[in-house]
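Subject: Structure handover

Hi,

Here is the structure I promised to pass on. Please open it and keep it beside you while you read.

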Amino acid sequence: MLGVGRALVLSCHPGPVVAVTTLTLALAVTAGHGVGRCLLLTAAVLTGQLSVGWCNDAYDARRDAVNGRRDKPVAAGTVGQGTVWRAAFGALALCVPLSLACGALAGTAHLIAVGAAWAYNLRLKATPLSWLPYAIGFASLPALVSLSLPGSPWPAWWVVTAGALLGVGAHLADVLPDIRADLATGVRGLPHRLGATRSRLLLPVPLVAASAVLTLGPQGQPAAGALLLPPAAGAVAVAGLLLDRRHTKAPFVAAVAVAALDVGLLTAHGTGVT
Ligand SMILES: CC(C)=CCC/C(C)=C/CC/C(C)=C/COP(=O)(O)OP(=O)(O)O
């Protein structure tokens, strides 16, 4: 039983689940939500992320086994594929009412993103549009947080644009370590089509652009400290790329660190998300 629980934790893509859920909580606090609403938003995003992560591992089990992925519990035989599918649908069944409890528009924005992420798992990750579900997913988070405020205000264009750019960066960073193994099993998303070298060169671009949009987008003169954000984002992205020989997840950790810096800027300057 303990073994199955552990395998389910490892199978849900725990790193991205924790990162995306924590960033959403930080955004919710920044937007001025109370404790109860922060917990509801966090629960909606957590269940969505769990459903996406489990669906990904259950669907990819055969491919992961061919690639000898011992880090994948279903492929390694530690947990049954059916168990992980049931977990994915169970989490999705919780995600729907939790999302809609955040508000009809807010919940719809989040559920479109979760649907796009399932479409990534089942089809889009092997197409030139592999980046799109990530862009939709990350752009939906400020939309969920903003539309869940009293009066359902629309999120500011710059926070949605920055979210979409961070999503594209997260996609490039997530795929980089697996490009060769993916190509061997016929997965040809955008980073695979660009190739490892061009994907590496491209990775800092959306991460720096996201930080620049957040710095320059809000009305008024940006604070002097805020102008340091885009170069800092570039430095973090390049550091992630330089460290990836020793730590394959370094580019993804760098992308998450840039997102955390971006949310930190919003919090520090009280800019909010609307
Ligand atoms: C807010 C929201 C809904 C965001 C979701 C964005 C999104 C499309 C996430 C996909 C996450 C995921 C399971 C990637 C695994 O990809 P992989 O199969 O290429 O990598 P792997 O080999 O490590 O499993």
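Below are notes on the pockets, one pair of helices and one tryptophan. Keep in mind that this is a predicted model.

**The largest pocket**

Probing comes first. Rolling a probe the size of a water molecule over the atoms shows where empty space is left. Here, the largest pocket has a volume of about 1,000 Å³. Its lining is made of 49 residues. Closest to the centre are His 13, Pro 16, Asn 56, Tyr 134 and Asp 174. Many helices contribute. Those that give two or more residues to this lining include H1 (2–11), H2 (14–31), H3 (35–59) and H4 (61–66). Further along the chain, H7 (104–122), H8 (131–147), H9 (157–175) and H15 (250–268) do so too. By class, the lining has 24 nonpolar, 13 polar and 12 charged residues.

**The second largest pocket**

This one has a volume of about 370 Å³. Find Leu 176, Pro 177, Asp 178, Ile 179, Arg 180 and Ala 181, which are among its lining residues. Then add Ala 196, Thr 197, Arg 200, Asp 244, Arg 245 and Thr 248. Helix H10 (179–184) and helix H12 (196–202) each supply at least two residues of the lining. The classes here are five nonpolar, two polar and five charged.

**Helices H2 and H15**

Two packed helices are described by the angle between their axes and the distance between the axes. How do the axes of H2 and H15 cross? They come within 9 Å and cross at roughly 5°. Angles under 35 degrees count as roughly parallel, so H2 is roughly parallel to H15.

Now look at the contact itself. H2 brings Pro 16, Ala 19, Leu 23, Ala 26, Leu 27 and Thr 30. H15 meets them with Phe 252, Val 256, Ala 259, Ala 260, Val 263, Leu 266 and Thr 267. By class, the residues of this contact are 11 nonpolar, two polar and no charged. You have met Pro 16 already: this H2 residue is also one of the closest to the centre of the largest pocket.

**Trp 157**

Last, select Trp 157, in helix H9. Is Trp 157 buried or exposed? Its relative accessible area is 54%. Exposed means over 50%, so Trp 157 is exposed. Leaving aside neighbours within four places in sequence, Trp 157 is in contact with Val 213 and Gly 217. Ala 139 is 18 residues from Trp 157 along the chain, and their C-alpha atoms are separated by 9.9 Å.

Best wishes

Key
Residues numbered from 1 in each chain as written. Predicted model: local features only at pLDDT ≥ 70, side-chain atom pairs only at ≥ 80, totals over all residues. Heavy atoms only, no water. 1 Å grid on protein atoms, 1.4 Å probe; cavity = no way out; pocket = protein on both sides within 12 Å on 5 of 7 lines; lining within 4 Å. Points joined across faces, edges and corners; volume = space filled by probe spheres on them. Helix = DSSP H or I, 4+ residues; strand = E, 2+ residues; numbered from the N terminus. Nonpolar A, V, L, I, M, F, W, Y, C, P; charged D, E, K, R; others polar. Axes fitted to C-alpha atoms, helices over the stretch in contact; angles between N-to-C directions. Parallel < 35°, antiparallel > 145°, perpendicular 65-115°, else oblique. Contact = heavy atoms within 4.5 Å. Buried < 20%, exposed > 50% of the residue type's maximum accessible area, 1.4 Å probe, protein only.
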